[in-house]
Amino acid sequence: MLHNDQAKTTARVTSGLYLAVLATLVLTTFYPAPVEGVSITLMLTVKLLPLLAFIVPVFRGHNRGYIWMSFVLIFYFTQAVVSAWLSEGAIGPVITTVLTFLLFTVAMVHLKVNRRVAA
């Protein structure tokens, strides 16, 4: 539930970043090359399923869903930072790091601006 115009804006930005993170996770599965001997379906399931659980709360702007998604994003951010470090700055992990950081930050801003006004 969105309580003001600022919350609508942050919800739209969060939705866009959410889709960008999902797209980046899909693209990094295939680029630079898929891992040999591992099912692509299994890889995509493991990468996407935890985030896809939050698709409804993200697009409806539900605060509790944003909170839980932020906890899950911490794992994605940590994995992306480690991958970026080990690959010495490969573009895929760096983009994933930046997008997960931005998604987490905008989700927290959304929670701040979407509080109910005390009557």
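**Entry 1: overall layout**

I started with contacts (heavy atoms within 4.5 Å): among those in the protein between residues at least 6 apart in sequence, 69% join residues at least 24 apart. A note to self on the source: this is a predicted model, where local features need pLDDT of at least 70 and side-chain atom pairs count only at pLDDT 80 or more, while totals for chains, interfaces and linings use all residues. Numbering runs from 1 along each chain as its sequence is written, and side-chain values use heavy atoms, with hydrogens and water left out.

Next I looked up the secondary structure, taking helices (H or I, at least four residues) and strands (E, at least two) as DSSP runs numbered from the N terminus. I got 5 helices and 0 strands, so to speak an α-α-α-α-α run from the N terminus on. The C-alpha atoms fill a box of roughly 60 × 25 × 20 Å along the principal axes.

For burial I used relative accessible area: buried is under 20%, exposed over 50%, and partly exposed in between, with a 1.4 Å probe and protein chains only. Of the 119 residues, 34% count as buried.

**Entry 2: the core**

I then went to the largest nonpolar core (buried Ala, Val, Leu, Ile, Met, Phe, Trp, Tyr and Cys residues joined through side-chain atoms within 4.5 Å). Which of its 20 residues touch the most other members? I noted Tyr18, Val21, Leu25, Leu51, Met69 and Leu103. The elements giving two or more residues to this core are α1 (5-30), α2 (40-52), α4 (63-86) and α5 (91-113). The most comes from α1, with 6 residues. As background, nonpolar side chains tend to be buried together in soluble globular proteins.

I followed Met69 outward. Leaving aside residues up to four places away in sequence, Met69 touches Thr14, Tyr18, Leu51, Phe54, Val58, Leu103 and Ala107.

Ser70 was my next stop, in helix α4. Ser70 counts as buried because its relative accessibility is 3%. With the same sequence neighbours left out (up to four places away), Ser70 touches Phe104, Ala107 and Met108.

**Entry 3: aromatic pairs**

I searched the whole structure for aromatic pairs and found 2. The rule: rings of Phe, Tyr and Trp (its six-membered ring) pair if their centres lie within 6.5 Å, with planes under 30 degrees apart counted as stacked, over 60 as edge-to-face and the rest as tilted. One of the pairs is Tyr18 with Phe59, edge-to-face because the planes stand at 85 degrees, with the ring centres 6.0 Å apart. This pair links distant parts of the chain, 41 residues apart: Tyr18 sits in helix α1 and Phe59 in helix α3 (residues 55-60).

Are the two partners buried or exposed? Tyr18 is buried, at a relative accessible area of 0%, whereas Phe59 is partly exposed at 43%.

**Entry 4: the largest pocket**

I took a pocket as an open set of points on a 1 Å grid over the protein atoms alone, where a 1.4 Å probe fits, with protein on both sides within 12 Å along at least five of seven lines; lining residues have an atom within 4 Å of a point. The largest pocket has a volume of about 420 Å³, volume being the space filled by probe spheres set on the points, which are joined across faces, edges and corners.

Its lining has 22 residues, and Leu25, Thr28, Lys47, Gln79 and Ser83 lie nearest the centre. Elements giving two or more lining residues are α1, α2, α4 and α5; α4 gives the most, with 5.

I sorted the lining by class: 15 nonpolar, 6 polar and 1 charged. Here Ala, Val, Leu, Ile, Met, Phe, Trp, Tyr, Cys and Pro count as nonpolar, Asp, Glu, Lys and Arg as charged, and the others, Gly among them, as polar.

**Entry 5: loops and the C-terminal segment**

I checked Glu88, in the loop between α4 and α5. Phi of Glu88 is near 55 degrees, a positive value in a residue other than glycine. Most residues other than glycine have a negative phi. Glu88 is exposed, at 73% relative accessibility.

Pro32 lies in the loop between α1 and α2 and is exposed too, at 71%. I put Pro32 and Ala90 at 9.9 Å, C-alpha to C-alpha, with their positions 58 residues apart in sequence.

Last, Asn114, in the segment after α5: buried, at 0%. Its C-alpha is separated from that of Phe71 by 18 Å. Phe71 lies in helix α4 and is partly exposed at 46%.
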